[in-house]
Structure formats: C-alpha cells, structure tokens
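Visitor: Please take one packed pair of helices in this model and examine it closely. I should also welcome a few words on individual residues elsewhere whose surroundings or backbone angles deserve attention.

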Amino acid sequence: MQVTQLQSLADYVELLRTEPSEVNHLFRDLLINVTDFFRDEDAFRVLQQRVMPDLFKGKGAGDTIRIWVPGCATGEEVYSLAILFREHLDMVTAAPKIHIFATDIDEVALAVARTARYPEALLGGMSHERLRRFFKLDGASYVITNEIREFCIFSPHSVIKDPPFSRMDMVSCRNLLIYFGPDIQRQVIPTFHYSLKPGGYLFLGSSESIGQHTELFNVIDKKHRIYQAREHSTKMPRIPSLLGQNRSLMFPEGASFQSRENGASLRAKVEKRVLERFAPVHIVVNGEADIVYYSSGTARFLETPQGVPSRQLLTLARKGLRLDLRAALRDCVARQQPTSRHNLVVETEDARGSLVDFTIEPMKERDGAEPLYLIVFQEKGSAEDKEPSAHRTSSDDSNGELETELRDAKERLQSTIEEYETALEELKSSNEELVSVNEEAQSSNEELEASKEETQSLNEELNTINSELNAKIEELDRVNSDLRNLFESTQIATIFLDRGLVIRTFTPAAASFFNLRPSDVGRPLTDLASQLDYPNLKNDIQGVFDSGEMLDHHLAKDAKGKHYQVRLIPYRTEGHRIDGVVVTLVDVTDLAEAEQHQQVLIRELNHRVKNMLAVVGAIAKKTLANSSSIESFRTAFLGRLEAMGRAYGTLSKDKWKDASVKAIFEEELRPFGESNFTLTGPDLRLRPQIGLSLAMVAHELSTNASKYGAFSKEDGRVDVFWEGNGQTFTLDWREVGGPPCKDRGSNGFGFELIHGEIEFRLRGKLETIFHPEAWTFTLNCHWKVRSEGDRKQCCLDCRG
C-alpha cells in the first residue's frame, strides 16, 4: 500500500481486482526465496555419509536415481545435491543416471535457477576445490558447469495443488514446511511418502519434522531431520487430482500398483516361510510392534478394541498374551534371535480360555530395509482340558510347573520393570526437552518483542527514507530532464561507452556519424557502420583504458570537406575507477581553414619580407651610386622608403588582399595639394605585389614632377588616367604647366627604377612623350585586374 500510495485496505483490494499486474507484484513479494549452497553443512555431510551409499547400493549403469526437490527457489540447494551426487559417482565403477527434479511456484526464481549463474557473494560457503571444479568464472559471476547442470530438471509445480512426482529415491524439502500451516503440513507429509519408493529418504530442514506421521517414516537422523519411508502404511494421502485444484483423489486400500506389488512379494515370502516351518496363524510386525501383515485366523489371538482403529499389536492382543508378547518382542529385537513362550492361558470369547504357544523370530532377508519380525501362534487346546491330567500328576511335576510359571512371571516382571525404567528415563528426557523448549520459547518471545520494537522503529525509518527517496527521485527526474534537453540542444556529437564498447547513451548530433537509433543503446559500437575514416578507433579507446589519459585525434577532411576533432575521455566513477569512455566529435572545419589561411599568410609574409629587403637593398645600392653626397642619398633613400611605407599602409588597410589604384596615387599626390592633380579611372584593385610596384612608380613620378616637372611651378598640375578590362591595365601620367621639357637622351636612377618595376616586375611596357607644353608617361601591362563588376582571373595571373 505504501508503494502504490493507497491509504485504505479497501482501495488496495479494489486495485487488485482491476489491475492483474498488481496481483503478480503482491504474489512476488509474498514469496520467500531464501536459500544458500550447502545450507546447514553438517546435515549435508550426514546425508553424504549415511544416505548416499544406500541410494547407490545395487545400482548399475542401467539404473536411475530420482530425487525431487520441491520449493527449490533459485536452485542453490538443487546444485548442492547435484555436487554431492557427482562426487559420489567418482567412487563407483558403474555409474547410474542421476535425475534431480527441482520444482517451485515462482517462475522468476526458476528462471534464475535455469541460468545457473551466481555472484561471488553467494558462494562464500563453497570450498575452493568445489568452486574450482564445478564452477567457471564468467565476468563478475560464476556459472555451474555442464556436468552438474545436466543432472537438474527445473519445472513449475505446487506441492499443494499439483499431483506429486512418484517413484522417487529421495525427497529434499528443506525449510519449506515452516511456512505452511498445520493443515497443509498434514497434507504434504503423506504426499512425500507417496512419492517415495519403499525405503526412500526424506530430507527436511533443521526446524521441520514429520510431526504425527511416525507411522509413515523411520527416523534415520533426528538431529539433521533425515527420515526413511516405511514400506507399509494404513494411511493413504489425499493427492491433488489432475481434474482440478479443488478435487482430491483418495487412493483405495493397497495404495498404488507399486504398494500392491510389494505387498504381494512380501506376502509370498512370508507364506513360503510359514508353510515350510509352521503353517499356523501368524502375523508380521516391525520393531515398534506395528502389524504390517495378517494371516487368516488371527481372531483367536487378537481382538479389535473400542475406539480409534489401530494396528498396534500390544493393543490388539487378547488378555494373557500382551505382557508375554511385549517381553518376547523386546528380547527378540535386542538379541535378533528367535524367542518363544509356552503354555500361556489366553482368554477366549466363551470364557473357557486356551493354552497358546508363540514364537518370534527376525526376518533377516530384508537387505537393509526396515527390520520386520514374524510371530507364529500355536493353540494347544482348552485350558480346562488340561486340569484332570494335572490332578493325576505327581507333586514333583506340579512343583516343576509352578516353578516354571514363577520363573516366567519373574521374567515378565523384570521386563516390565526395565520397560518402566526406560519409559521413566524417556519421560525425564522429554521433560528436560520440554523445559528447554519452554525456555527457548520464552527467549524467542522476548526476541520477538524486541524484533517488534525494532520493526516499528525500522518502519518509521523506512517511512523517512521513503520520503527522502521520493525527493531524490523527483530531483533525479529534474536532472534527467536537464540532461535530456542538454543532449538535444548541444551540437557536439557525444557517445558514452562502457568497457565493452557497448553504447550507454548518445546525443542526437552523434546519430549521423554511426547511423544511430534509440534502439541501438546496449549494442557494441564496433558492430555499427561508421561514416568516419578512423580505423584505429578501437585501439585508441583501449589505449585510453590502459593509460587513463585523454586522447585527441584530428580526422582528415571527409567527402563533404569537413574536418572533425575526435576526443576520447575516460569515464570515471566515484572511486576514480575507469568504467568506460566518452567519445566526442567536434566540427573544426572553420578552425582548420583558418589554420590553412594562416599558413598561407605566413608563407606570403616571409616571401614579401624577403622581396622587400631585396628591394630596399637594391634601392639603397643604386641611390648611393647616383648620389653626390650623403645628404642627397639620405633624402632620396628616405623618400623612397616612405613611399614603400605608404604603399604597405594602403595594403594593410585592406588586410593585404587588394590595393586600390586611386588610393595609391592619392597617398603620393596629396602632399602637393588636391587642386594640383586629378585622378580619373574606374575603381580597380590590384594584387598586393603589383600594388607595391605601382606605388614605387607613383613615388618616382611624383618626386620627378616636384624636382623637374609640373609640381616645380605654381600653376603646374598632374592628370592621371587609368583603365582596365580584366586582362590589361593602362595608365597615363600627364604633366601640364611645368617647365619646357625635352628628351635629354640619358636617364637618371629614378627612371631606371621605374623601368625595372614596370618591365621586370610587372612585365609591362612604358612610353614617354616629350611636348613643349606637356609631358606624358604611358604604362601598359598584362596582369590580373579585379573590378567590382568583373573578378575573373586572367591567364597571366601567375605573373602577378
């Protein structure tokens, strides 16, 4: 009711009526599956020493030993018996078959028993030798070997409802009867007797007994509760019928065919012996004077008393026989020798009396079965018929008879005294046992009271724990929801694996890499097809298990052009024990492309620095060679370096991607006044190296204009015009308003620098036109040109 959170018993009863699954849950909770291997080891040792040899006696390879274990629970007792039989088979030459029928009403427990798999904690009482021979380690548990498992047959069965097994050599029902009430116990014990062969063994728990059914079983070992079935019994069990659980079948007298067959065999033996030696009235009794067989004509010596029917000889014997029968049977049982009594006066129905002789002798042809004794009666005539002859005898004969009767009376008296003393001792022992049992009962009562208080306290603690557990469950639900939402929202592919590479869980982003579905949880990752080019994944995971360190692996670009970073991280429990691995896959395409671009930039920067230093060195060398003084060298060299710096600044603004033609000339001409120059042309952008060369050309042209050209006069001006069509580039530099110009026939260093930049670096052509009123410089190149409308690369791109 606490589990289902119901407050009243009526509500729970209604739940049982409407929910069949709850009935199964309640049934499972009511079952007690407490068992263990070789529980009460001393009892199993006695069973091995006293019962096993008798079960194998006379058995050959063609025979079968059948054992029934009702209430087998999870199978530990069954396999314990199987181990004992397997060990005993090593000592016999012709090994019989062993069939152990294990039954229970708990299907779940039977399923556990069939698997024959047990954790190490349940094998604490198992010896090392048995553990090594009869178990094999499989993971964290042990499995019964096939040579033991093949002995055992597990089946659902109820000892109360279902018909019992039959022709069993032994029934082992330990610690099951203690959970039955007295009525069911009175039904089950005769059922076990029916299942056993005559002389079969019953093995009960240390707290169980056969109760009042002593006529069905002999006690083999009282302490360890081992009993042997008697061959004959007047009480027949009520066996559950196959027609329904509410019907029962009462077997008729003689019980089963087996009982009739054994009875006929015994009767043949008895009648043969009587016919050979006596042929009078006879009966057969056991050591406790219970009659197991009657011949005809016993009414003259036995009579049926008033009350409950009995087969006890001393109760049925007529007056005059009881004391002598008691003493003679006692003597015969003790000495195992024939015993006789003579001239006993036995009362008859006509009150005349008769003289009777009887003889008791043991039946030694039993071959280890229950000892039986044959009693033969012989009637010598009426007691009155002997009286006349008694008067005719001499006084000496009378004295002899009197002495014989006196001696017999003394013997009977002595026997009675011994029986009385024995009974007295047994009563004393029983009294002591009762006192001990009473003390144990009082102690148990006190323990029960203490247990009751502990149970109440435990119940309160359980209520508290239940409340805390509910709070924890709610907290776990929230955490689980958070984790589920985190998994669904994250774009990082993550897979959780155990040590066997079995998938525990995964994020949705990981599904595309391994074609994962929710049903794949619990399957090994290596069984699934992967879209990753990572053949060493399994080896790398094993390396993480061995080293306990995180491992990163960069995957090559896949068919889609994607780069992924695989990270293997140990999955650690609270004790820092590695219990698995976490596999994450991160898309690092942007990072990989950035790294590639960075490498390109580094290579280009190194190239440009080398070129720049080469250019600076060449400029310095030429400038120095054409300078008349250090001051003129300094001015010219610094001007050219500043031009290069301005060009580099322009390129840096555009991150060294493209250089604007207009920006290059604006940087050079702005110091001369914006009214003194015009820039006309489309918005063309050049590659960095070309832009740097064009900037050097612009510097030399502007420097030359300031010294000798248009910028040397106030009214001088410079007009720059350019155009390009994607494959060619043309630039015109026109100076107007400067001093008259003419071709001097020789060129200075500046012109050589321009000539080198255009024809050598830019692979272009230059043309100069000298006019009295103007000077024009024309540049024609075939290189890569980028415009807003046309960004196609020309075939001469490499020249840039």
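Guide: A crossing of two helices is called right-handed if the near helix is turned clockwise from the far one by less than a right angle, and left-handed if anticlockwise. The model is predicted, so local features need pLDDT of at least 70 and side-chain atom pairs count only at pLDDT 80 or more, whereas totals for chains, interfaces and linings use all residues. Residues are numbered from 1 along each chain as its sequence is written, and side-chain values use heavy atoms, without hydrogens or water.

The pair chosen is α3, residues 41-56, and α4, residues 76-89 (helices are DSSP runs of H or I with at least four residues, strands runs of E with at least two, numbered from the N terminus). Their axes come within 11 Å and cross at roughly 55° (lines fitted to C-alpha atoms over the stretch in contact, with angles from 0 to 180 degrees between N-to-C directions). The two helices are therefore oblique to each other (neither under 35 degrees, over 145, nor 65 to 115), and their crossing is right-handed. On the α3 side, the contact (heavy atoms within 4.5 Å) is made by F44, L47, Q48, M52, P53, L55 and F56. From α4 come E77, S80, L81, L84, F85, E87, H88 and L89. By class, these residues divide into 10 nonpolar, 3 polar and 2 charged (Ala, Val, Leu, Ile, Met, Phe, Trp, Tyr, Cys and Pro are nonpolar, Asp, Glu, Lys and Arg charged, the others polar).

In the loop that joins α2 (20-30) to α3 lies F38. Phi of F38 is near 50°, a positive value in a residue other than glycine. Most residues other than glycine have a negative phi. F38 is buried, at a relative accessible area of 7% (buried is under 20%, with a 1.4 Å probe and protein chains only). L501, in the loop between β18 (493-498) and β19 (503-506), likewise is not a glycine and has a positive phi, of about 60°. L501 is buried too, with 9% relative accessible area.

N286 belongs to strand β13, residues 281-286, and is buried at 1%. A polar atom of the N286 side chain lies 3.0 Å from the backbone nitrogen of E288, and the side chain of N286 also reaches the backbone nitrogen of D290, at 2.9 Å. Leaving aside residues up to four places away in sequence, N286 touches R230, E370, P371, L372 and Y373.

Technical notes: Buried < 20%, exposed > 50% of the residue type's maximum accessible area, 1.4 Å probe, protein only. Polar contact = N/O pair within 3.5 Å; in protein donor to acceptor, adjacent residues only side chain to side chain.
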